[in-house]
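Work through the exercises below with the sequence and the structure open beside you, and try each task before reading its solution.

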Amino acid sequence: MKKWLIVTAVVAAAMGIVAGLWFGAGSYARGQEQKLNRVTNTLIPVSPRVQMSQHHLLVADMHADSLLFGRDLLERGTVGEVDLPRLREGGVGVQAFTVVTQAPSNMNIDGASGYDEITLLAVALHWPRLTWKSYLARALFQAEQLHALEQRSGGKFVILTSRSDVDQLMRARLSTPGLIGGWLGIEGAQALDGDITNLDKLYDAGFRMIGLAHFTDNDFAGSAHGAAKGGLTDYGKALVRAMEQRKIIVDLAHASPQTVTDTLAFARRPVVVSHTGVKATCDNNRNLSDDQLRGIAANGGLIGIGFWETAVCGKDARAIAKAIQHAVEIAGVDHVALGSDFDGAVTQPFDASHMDQITQALADEGLSEADVRKVMGENVVRFLRANLP
């Protein structure tokens, strides 16, 4: 009798949790965002000159996970870090929207374990039932949200899938300064559900950048946080070739050191690290060594420096600028860009409306105006023009 009561209590508790998630979807998602995507508003003084120049500066960011929590990105939010109004306020003209399909409940710089948080979120936000089990379905669903945003934006937001799209965006911004373009990326090739033939489905949905690994090892590559931290597998090499044939950009963010080495030796096209730090200013197993910075530059690639504390070992724009300055010294200014990791379950010093913080900090570091323009956005635009279909 006692065993039956215990089983009944466990089942009832589980049903209560599921019911709470199902009927309280909005509040659950907002609660998760408030907990995960925090902003400290740790701001440095910005000079009037930088404030004025920011209005004429093209800012591009290589990484934001803003599609995950179901917010209306047309509206200026009170949680999270990215939406169209805040991007516009920060001068952001080009933004990568990266989708997350798997996130272990216990994630840290050295490893990951536990249940999958995205499954709970998919149920809570009433995503289609197929997304509850399929990583591919989760990626395609989030891509649909970005396409819907484009349709609802009244011409103020466009999705970039080709170099001609980028050219058209740059021309249109001359007469419509607040116009924003975005491209789709994926955190981790587990989104293929283990099948390279699914790459065409992702391409057709608009994805033009895919990370080989996220917080766990997969069939294709080892993760910096994975159990084995292995390199690029034979299946991973087949994936890299398939991506290159379609001109989908290979992203080495979260990749293990061996995966970085293997991919740089194997790749025939430039790669990116969409969001990272550098070991020279913040030494941990996620960040890039000087040899890796040189290797990515030799490949013709692009390095997006992140904003969060684990990436830069600091809590304001000055720490970000120091990491950027080092990357510029080692890799060359043409290979360094911004990779905020906004809305990526990390605490940030500011949201997208305060990108002038970076502009000011780079000027304080002594970068020339021309180099600041490159890092803040011109390098990303040039890279997309050269490497998209």
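**Exercise 1.** How many nonpolar, polar and charged residues does the lining of the second largest cavity have?

*Solution.* Bear in mind from the start that this is a predicted model. Begin with the volume, which for the second largest cavity is about 60 Å³. Next, collect the residues that line the second largest cavity: Glu244, Lys247, Ile248, Ile249, Val250, Arg269, Pro270, Val271 and Asn387. Sorted by class, this lining has five nonpolar residues, one polar residue and three charged residues.

**Exercise 2.** Describe the largest cavity, and work out which element gives the most to its lining.

*Solution.* The count comes to four cavities of 30 Å³ or more, and the largest cavity holds about 80 Å³ of space. Its lining is made by 15 residues, and those nearest the centre are Ala255, Val260, Arg286, Asn287 and Leu288. Two elements, helix 10 (257–266) and strand 9 (272–276), give two or more residues each to this lining. With three residues, strand 9 gives the most. By class, the lining of the largest cavity divides into seven nonpolar residues, seven polar residues and one charged residue.

**Exercise 3.** Is strand 9 largely enclosed or open, and how is strand 9 joined to strand 10?

*Solution.* Take burial as the initial step, with under 20% relative accessible area as the cut-off. Five of the five residues of strand 9 are buried, so strand 9 is largely enclosed by the rest of the structure. Then turn to the pairing: strand 9 and strand 10 (residues 302–305) run parallel and are joined by three bridges, and Val272 has Leu302 in strand 10 as its bridge partner. Finally, follow the chain from strand 9 through helix 11 (residues 290–298) to strand 10, a β-α-β crossover that is right-handed.

**Exercise 4.** Trace the connections on either side of strand 7, from strand 6 through to strand 8.

*Solution.* Strand 7 (residues 207–211) has five of its five residues buried, so it is largely enclosed by the rest of the structure. On one side, three bridges join strand 7 to strand 6 (residues 180–187), and the two run parallel; here Ile186 has Ile210 of strand 7 as its bridge partner. Strand 6, helix 8 (residues 199–204) and strand 7 together make a right-handed β-α-β unit. Strand 7 is also joined by three bridges to strand 8, again in parallel, with Met209 standing opposite Ile249 of strand 8. The chain passes from strand 7 through helix 9 (residues 234–246) to strand 8 in a right-handed β-α-β crossover. Ile249 also appears in Exercise 1, among the residues lining the second largest cavity.

**Exercise 5.** Contrast two loop residues, His254 and Lys133: which is buried and which is exposed?

*Solution.* Locate His254 in the loop between strand 8 (249–251) and helix 10. His254 counts as buried, because its relative accessibility is 5% and the cut-off for burial is under 20%. The side chain of His254 makes a polar contact of 3.2 Å with the side chain of His275. Now locate Lys133, which lies in the loop between helix 5 and helix 6 (135–152). With a relative accessible area of 78%, Lys133 is exposed. The C-alpha atom of Lys133 is separated by 10.0 Å from that of Ile118, which lies 15 residues away along the chain.

**Exercise 6.** Which residues of helix 5 are buried, and what is found at its start?

*Solution.* The buried residues of helix 5 (117–124) are Ile118, Leu121, Ala122, Val123 and Ala124. An α-helix has 3.6 residues a turn, so residues three or four places apart point the same way. At the start of helix 5, a side-chain oxygen of Asp116 comes to within 3.3 Å of the backbone nitrogen of Ile118. After helix 5 comes His126, with a positive phi near 60°.

**Exercise 7.** Which elements each supply at least two residues of the lining of the largest pocket?

*Solution.* The largest pocket contains about 600 Å³ of space, and of its 33 lining residues the closest to the centre are Met107, Phe215, Gly344, Ala345 and Val346. Helix 2 (25–36), strand 3 (104–107), helix 5 and helix 12 (309–312) each supply at least two residues. The lining divides into 15 nonpolar, 11 polar and seven charged residues.

How values were computed: Residues are numbered from 1 along each chain as its sequence is written. This is a predicted model: local features need pLDDT of at least 70, side-chain atom pairs count only at pLDDT 80 or more; totals for chains, interfaces and linings use all residues. Side-chain values use heavy atoms; hydrogens and water are left out. On a 1 Å grid over the protein atoms alone, a cavity is a set of points where a 1.4 Å probe fits but cannot get out, and a pocket is an open set with protein on both sides within 12 Å along at least five of seven lines; lining residues have an atom within 4 Å of a point. Grid points are joined across faces, edges and corners, and a volume is the space filled by probe spheres set on the points. Helices (H or I, at least four residues) and strands (E, at least two) are DSSP runs, numbered from the N terminus. Ala, Val, Leu, Ile, Met, Phe, Trp, Tyr, Cys and Pro count as nonpolar, Asp, Glu, Lys and Arg as charged, and the others, Gly among them, as polar. Buried means under 20% relative accessible area, exposed over 50%, partly exposed in between (1.4 Å probe, protein chains only). Two strands pair if DSSP finds at least two bridges between them. A crossover is right-handed if, with the strands pointing away from the viewer, the path from the first strand over the helix to the second runs clockwise. A polar contact is a pair of N or O atoms within 3.5 Å; within protein, one must be able to donate a hydrogen and the other to accept it, and residues adjacent in sequence count only if both atoms are side-chain atoms.
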